[in-house]
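Dear colleague,

I am passing on a structure that you have not worked with before, and I would be glad if you read the notes below with the sequence and the coordinates open beside them.

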Amino acid sequence: MHITRELLDAVTHGTLPARVLTEIIVQHLKELCPRCRSTLRLHRRSSLRARLNVAESTGRFEGVEDQVTAGGREAIWVMRLVDELAGQPPEAHAESVRRSGSRYRGRLFVDHLLGAAKRCLPADPDGSRSFAMAALAAVDEGRAGARAATQAARALALIGNSRRIQGAIAEAERDFQQARRLMNRSGLADALASAEVDWLEGALRKRQRRLTEAEDLVSRSVLLYRLANDAPGAARALLSLSDIYRLQGDLDAALDAVYKALGSFERATDPILYLYARYDLAYNLYSSGRFKEALEHLVFDEDEYEACEDPFVRLLRLWLAAKLGAELADASAEPQFLEVRRLLAGRPLDLAHVALDLALLYFRLGRFDDVKKVAAEAAALFEAQSVHREVLAALLLFREAAFAQRVTDDLIRRVASVLERAKADPSLRLDAET
């Protein structure tokens, strides 16, 4: 991003460490100058955390007040237009905007569409993409100013993010490249827009297992959200950073980032975000082998999950509760896994994960015939679809081990790791893993 007056004022007033400004200058040179980029690559430090130290710039943040008053005539009109568009089939949103003439236009209308696209995440990527494509269509192409560029770049990043969620990695990469080109050409200096694009592109890099790049982007996103006093945005980025640390194997850093996220915004301002953060806390405890602690957190928040309107977070909670039951050899986890399997119908990789989770439970309970059954079902699922040949190879190996009664905890976890990596990298060859 470019140096802005807001950045300089924040350093002058002591609300942003001077070293953060230095880091932004270095990153700017890295992006613009091939010689600087080459030098920095050779002398790159092992961890961005050592340079930025997120903990030093943490603090309590005030919630960002709605920029639009409920009584404003323009705001009421725009919200009606968004509701009107939302009542149409999602695939028709962008075309409706293009054919509407001047009706579906205006900066405020685009901002509301972008907000609707974000609210669809993470459970509804189709809805997010439809609103973001409508926003891109509604951007006034006749305006070459920074505001139009900001809105177009945000829309492209949201479109790319929805494609990333659905596994269209090459298409997502093109969307983000286009967003970056637009930002560079226009000299975009909007902290919130830069934070959002960094956060979403970081999710793509994480999916590609380019974890150092993901850490760079999401760490910068945290700082930019804080600079803009967007506490929920900073919390979301911290949760993404936690996931990156977990994938890097740094579970202490992952837990620390979740605790920072929970402490950075008021629960009442975004109860669903709060519940996602609580889920991430339990999941990181589970990943750390602290199964009883993780279960205690899930039980403590049980009423919150039941009252939550987001079915995706309820699914996550149910699956994690079942996973914990498997680790603790609790037979009551079986109906939970069966319900998760029903809810994930049509998603073969996730169904294979559930099969492995069930196999672990049955293995712990000594139900070896059931281990054979779920191993055979998982392999048959991929054989029938003729997809993910490498995953099929891993599942066939698992099935062979099950029928030869050579299943171990370690084998189940290795095959589960293969499935997780296959979701992130479709080109992955699994011969070495199996």
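A salt bridge is here a side-chain nitrogen of Lys or Arg within 4 Å of a carboxyl oxygen of Asp or Glu. Please keep in mind that this is a predicted model, in which local features need pLDDT of at least 70 and side-chain atom pairs count only at pLDDT 80 or more, whereas totals for chains, interfaces and linings use all residues. Residues are numbered from 1 along each chain as its sequence is written, and side-chain values use heavy atoms, with hydrogens and water left out.

By the salt-bridge rule, the count comes to 31. One of the pairs joins Arg367 and Glu334, whose side chains meet at 3.1 Å, N to O. Arg367 lies in the loop between helix 20 (348-365) and helix 21 (368-385), while Glu334 belongs to helix 19 (residues 333-343), so the salt bridge ties together parts that are 33 residues apart in sequence. Helices here are DSSP runs of H or I with at least four residues, numbered from the N terminus. Arg367 counts as partly exposed because its relative accessibility is 29%, and Glu334 counts as buried because its value is 19%; buried means under 20% relative accessible area, exposed over 50%, and partly exposed in between, with a 1.4 Å probe and protein chains only.

A second pair is formed by Asp111 and Arg147, with the closest N and O atoms 2.5 Å apart. This salt bridge links distant parts of the chain, since Asp111 is in helix 7 (residues 107-119) and Arg147 in helix 9 (residues 146-165), 36 residues apart. Both residues are partly exposed, Asp111 at 24% relative accessible area and Arg147 at 35%.

In a third pair, Asp198 and Arg180 meet at 2.6 Å, N to O, and this contact links helix 11 (residues 191-207), which holds Asp198, with helix 10 (residues 169-186), which holds Arg180, across 18 residues. Asp198 and Arg180 are both buried, and they also belong to a network of salt bridges that includes Glu173, Glu201 and Arg205.

Lastly, there is a patch on the surface, where Ile3, Leu8, Ile25 and Leu29 form a nonpolar group with about 330 Å² of accessible area together. Such patches are made of residues with over 30% relative accessible area and no salt bridge, nonpolar side chains (Val, Leu, Ile, Met, Phe, Trp, Tyr) being joined within 5 Å and like charges within 9 Å; the areas come from the Shrake-Rupley method with a 1.4 Å probe, and for residues only the protein chains shown count as cover. Leu8 lies in helix 1 (residues 5-12) and is partly exposed, with a relative accessible area of 42%.

With best regards

Definitions and conventions:
Helix = DSSP H or I, 4+ residues; strand = E, 2+ residues; numbered from the N terminus.
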